[in-house]
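I opened this model to look up how its metal sites and its ligand are held, and then to check the backbone for unusual spots. My entries follow in the order in which I looked.

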Amino acid sequence: MRLLSSCSERNARKIRIPEEAISNCASRQGTENFPYTCVRAATKSAKIIRENQSVMTTAVAYAQENKGRFVEELKALLRIPSISTDPEHVGDVRRAAEFVAAELKRIGMENVRLIETTTAERKGHPLVYADWLHATGKPTVLCYGHYDVQPPEPLDEWRSPPFEPTERDGNIYARGAVDDKGQMWMHVKALESLMMAGGGKLPVNVRVIVEGEEEVGGEGIAAFVRTHGEQLKADVALVSDTEMFAPELPTLCVGLRGMIYTEIEARGARTDLHSGMYGGAAPNPFVALAQVIAKLKDENGKILIPGFYDKVERPADAELRAWKALPFDEEHYRETEVGSVSLTGEPGLSVLERTWARPTLDVHGMPGGFIGAGAKTVIPAKAVAKVSMRLVPDMTPAESFAKYKAYVESLTPKGIVLEVRLIHSGDPIVVSTDNEYVKAATDAMREVFGKETVFVRGGGSIPIVGDFVRELKIPTVMMGFGLPDDNLHAPNEKFHLANFYRGIESIVRFLSGVGA
Ligand code: BES
Ligand code: MN
Ligand code: MN
């Protein structure tokens with residue numbers, strides 16, 4: 001023990017870590033966790049392993065010691081309303097990118113820069129890139145996150161304003177707290193901790209790519225990966241933008257649904273009309289859309305687009321069995337997470353299978369017409385429905401959209417002109433679990449949570465993950481620390497602070513493990 005602490009002390013001097021951090025670290029760990037103490041320097045490799053262990057321990061202690069500051073920094077980032085879908089916030093989105101870049105630079109990452117994604121065809125938000133590639137002979141980890149957020153509306157349902165991060169009951173509340181600024185910040189803080197513990201060196205090679213368009217489809221990063229893939233060359237991607245299955249239960253997400261996000265525009269009369277003068281003769285685009293939408297899905301949740309399920313793969317029996325063993329109570333889920341009088345969806349399939357491994361179709365909103373207070377008797381000239389579909393392996397966005405568009409057009413009501421537009425899309429993905437990086441991740445989380453990791457899929461989408469696997473051809477580890485009740489995309493989004501800290505420690509241990 002004494003020798004161990006003198007080893008830590010040496011590191012501490014090098015990087016000037018406060019004394020408390022060291023003792024903190026020793027008391028947290030106990031001696032059994034240190035197979036390689038300073039006494040045993042028998043071989044060169046033992047020495048390297050020992051140094052790595054000691055750097056890791058010091059980094060964990062550093063993170064523990066500085067966690068208050070880490071949260072304050074995160075709050076500053078959360079104050080920037082980087083809503084990628086809203087043109088009014090382009091400046092804020094860029095400010096968030098600059099904030100992240102400045103911090104990556106400060107902690108000692110190299111080649112830090114913003115990569116513009118605006119082209120002749122489209123306006124895009126910048127990517128943030130950084131690397132540190134001096135761990136000769138070690139693997140390269142590509143750390144991915146996104147700094148953009150969803151719009152905060154409805155504002156009056158927030159208990160504290162969405163861009164004024166507030167701590168309550170061990171949580172930090174703000175738009176983007178968990179999705180994904182807080183989780184992306186865990187990466188940055190894990191890197192800082194390792195840098196400090198290693199005297200300016202990391203145990204692995206690291207590239208960081210943080211995008212500002214994930215919440216609007218991630219087209220910019222997809223184009224960059226396709227055209228400049230070599231600049232992101234890595235052995236594994238680390239993504240922290242998913243959830244844990246339950247509190248205290250370390251989780252790796254091994255599959256995501258893909259999506260196609262569309263708009264159907266219905267046009268009737270040339271201009272808005274008096275509904276008394278013209279009602280009975282003029283077509284109503286809202287009624288038309290309602291008629292179309294009613295034919296997209298039946299009351300059992302089955303999508304009625306011809307051929308839509310042709311490519312759907314049922315998960316393997318072993319995966320379905322593993323899902324059955326997860327601690328899941330459907331009634332509790334209905335009551336606490338959904339809050340509706342009953343659940344819907346395809347009969348005979350579990351909730352987990354319905355939300356992780358089956359396609360769905362949802363309507364998000366129908367802009368147009370009169371939505372003001374009171375009453376206005378008008379037949380609107382046009383109406384829009386925002387409709388998205390979640391896809392599962394082996395469906396493709398292109399084929400799914402083609403089938404949907406043809407079907408919707410075939411349903412066009414009399415007197416109406418329909419236009420079906422694709423807003424964005426992303427591939428579904430299932431990642432492999434049979435690799436050393438998944439093992440490094442489960443080893444890391446076992447240390448932090450004292451439990452074995454469960455493997456789940458996510459019903460959500462992170463479009464770029466498919467490109468990491470297919471374009472960069474690298475395995476992806478989706479190690480996320482959100483909780484089921486974190487209110488992603490909803491009012492009162494939060495991040496459980498204990499998970500922010502455990503996430504940082506898990507990532508420190510993961511990166512150290514990959515570099516061991
Ligand atoms: N982080 C989420 C995706 C997610 C959430 C995956 C929970 C697994 C579990 C991501 O930020 C997200 O919301 N993605 C959008 C993507 C879309 C706009 C292309 C989504 O799923 O709606
Ligand atoms: Mn996200
Ligand atoms: Mn999101």
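I began with the manganese ion (ligand 3), whose protein donors are Asp 179 (OD), Glu 215 (OE), Glu 215 (OE) and His 489 (NE2), at 2.0 to 2.6 Å from the ion. Donors here are N, O and S atoms within 2.8 Å of the metal (3.2 Å for Na, K and Ca), and water is not among the atoms, so sites may look incomplete. The model is predicted: local features need pLDDT of at least 70 and side-chain atom pairs count only at pLDDT 80 or more, while totals for chains, interfaces and linings use all residues. I noted that residues are numbered from 1 along each chain as its sequence is written, that chains are lettered from A and ligands numbered from 1 in the order in which they are written, and that side-chain values use heavy atoms, with hydrogens and water left out.

The six donor atoms of the manganese ion (ligand 3) make angles of 55 to 156 degrees, and the site is irregular. That label covers whatever is neither tetrahedral (four donors, all angles between 85 and 135 degrees) nor square planar (four) or octahedral (six), for which opposite donors must be over 155 degrees apart and all others between 65 and 115. Along the chain the donors of this ion follow the spacing D-x35-E-x273-H. Distant parts of the chain are linked here, 36 residues apart: Asp 179 sits in the loop between strand E5 (171-173) and helix H6 (181-197), and Glu 215 in the loop between strand E6 (205-211) and helix H7 (219-228). Helices (H or I, at least four residues) and strands (E, at least two) are DSSP runs, numbered from the N terminus.

Are these two donors buried or exposed? Asp 179 is buried at 6% relative accessibility, and Glu 215 is buried at 14%, where buried means under 20% relative accessible area, exposed over 50% and partly exposed in between (1.4 Å probe, protein chains only).

I turned next to the manganese ion (ligand 2), which has His 146 (NE2), Asp 179 (OD), Asp 241 (OD) and Asp 241 (OD) as protein donors at 1.9 to 2.4 Å. Its site is irregular too, with angles of 58 to 163 degrees among six donor atoms. Asp 179 coordinates both manganese ions, ligand 2 and ligand 3, which are 3.6 Å apart. His 146 and Asp 241 are both buried.

For ligand 1 I found 17 surrounding residues, the closest being Glu 214, Asp 241, Arg 390, Ser 461 and His 489; a residue is counted if one of its heavy atoms lies within 4 Å. A polar side-chain atom of Glu 214 lies 2.7 Å from a ligand 1 oxygen, and a backbone N or O atom of Ser 461 lies 2.8 Å from a ligand 1 nitrogen.

Last, I checked the backbone. The peptide bond from Glu 153 to Pro 154 is cis, with omega near 0 degrees, and the bond from Pro 393 to Asp 394 is cis as well. Asp 169, although not a glycine, has a positive phi of about 50 degrees, and this residue is exposed at 67% relative accessible area. Glu 248, likewise not a glycine, has a positive phi of about 70 degrees and is partly exposed at 39%.

Definitions and conventions. Polar contact = N/O pair within 3.5 Å; in protein donor to acceptor, adjacent residues only side chain to side chain.
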